[in-house]
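Q: I want to read helix packing and surface patches from a model. Can you walk me through it?

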Amino acid sequence: MHKLVPAPPVVCAVLACILTLPQMASAEGKSLTGVIGLGASYGPEFPGSDESSSSAFPIFNLTWRDRVFLNQRGLGVYALRNYGAGDLSLGFAVGYDFDERLAEDDVRLTGLRDVEAGALFTAFIEYDLGIADLEFDISHGLSDGGHEGTRATLAAEFSTAVSPRLSLSAKPFVTWADSSYNQAFYGVSAAEAGASSFARYEAGSGLERAGIQLQASYTLSERTGVFLGISHAELMGDAKDSPIVFDSGQTQISSGIFFRF
């Protein structure tokens, strides 16, 4: 299946590194800075799927006057930006969660309710430890047809410039999800059990997944470059044990081209 989606998290991590590459011209004095581009990815159809599909996606990571941003989190503002010795940043955003699970994605899902994509509110903290950049995101689904759940992700990104053009990074992460999120994607209600081939299953809150993102970016010129990323996560707890999880290992590969201004 081919579809258009937003940039996957693995690509967004690449872009965060791109914005700091020293060989690129300084953006000092500009009101609007950032990265735009186009990419393609190949990954699971839905959380827990054992089937994959290819996706095209636009890339955007824009900041206006170092305060307002538009990126994978959505449209938001920084309450704090690069504050203190650790460059502490705190922000809020309203975006769109494209994670969904539809019965049409897999015939085995017949009888289960659709979990649709929808609006998402996110609050986050970023802090530079020197050896790594720490990130903590907490998000909540806002749409009636979606999961209406809450997730929290803690990640640490380690990056290095191998050469003036080549940058590499690794980002281990762990995600916790509440019962609303886990029940939507991994649970089976009594009504769904009666309409599908699955037994009733209650998915409670707990660690939902842990994994790592590996990224590489290579600049072709002062403002243009290419990237390659791979992300692998293992579902955990009630998510992993769910009867509607057909593969607990979730791998996504992404690549594309970017332009910085």
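The turns below take one helix, then one surface patch.

A: This is a predicted model: local features need pLDDT of at least 70, side-chain atom pairs count only at pLDDT 80 or more, and totals for chains, interfaces and linings use all residues. Numbering starts from 1 along each chain as its sequence is written, and side-chain values use heavy atoms, without hydrogens and water.

Q: Which residues of helix H2 are buried?

A: Buried means under 20% relative accessible area, exposed over 50%, partly exposed in between (1.4 Å probe, protein chains only). In helix H2 (residues 179–186), the buried residues are Tyr-181, Asn-182, Ala-184, Phe-185 and Tyr-186.

Q: Why do the buried residues lie on the same side of H2?

A: An α-helix has 3.6 residues a turn, so residues three or four places apart point the same way. Here the buried residues of H2 sit on the same side because they cover an arc of only 160 degrees around the axis.

Q: What do the buried residues of H2 pack against?

A: Contact means heavy atoms within 4.5 Å. The partners are strands E9 (150–161), E10 (166–177), E11 (206–219) and E12 (224–235), and helix H4 (237–241).

Q: Which residues make the nonpolar surface patch?

A: Patch residues have over 30% relative accessible area and no salt bridge; nonpolar side chains are joined within 5 Å. Ile-36, Leu-38, Tyr-218, Leu-220, Val-226, Ile-257 and Phe-259 make a patch of about 580 Å². Strand E2 (32–44) and strand E13 (249–260) each give two or more residues to this patch.

Q: Where is Leu-38 found?

A: Leu-38 is in strand E2. Leu-38 counts as exposed because its relative accessibility is 52%.

How values were computed
Patch = residues over 30% accessible without salt bridge, like charges linked within 9 Å, V, L, I, M, F, W, Y side chains within 5 Å. Areas by Shrake-Rupley, 256 points an atom, 1.4 Å probe, with all protein chains shown as cover. Salt bridge = Lys/Arg side-chain N within 4 Å of Asp/Glu carboxyl O. Helix = DSSP H or I, 4+ residues; strand = E, 2+ residues; numbered from the N terminus. Arc of directions from axis to C-beta.
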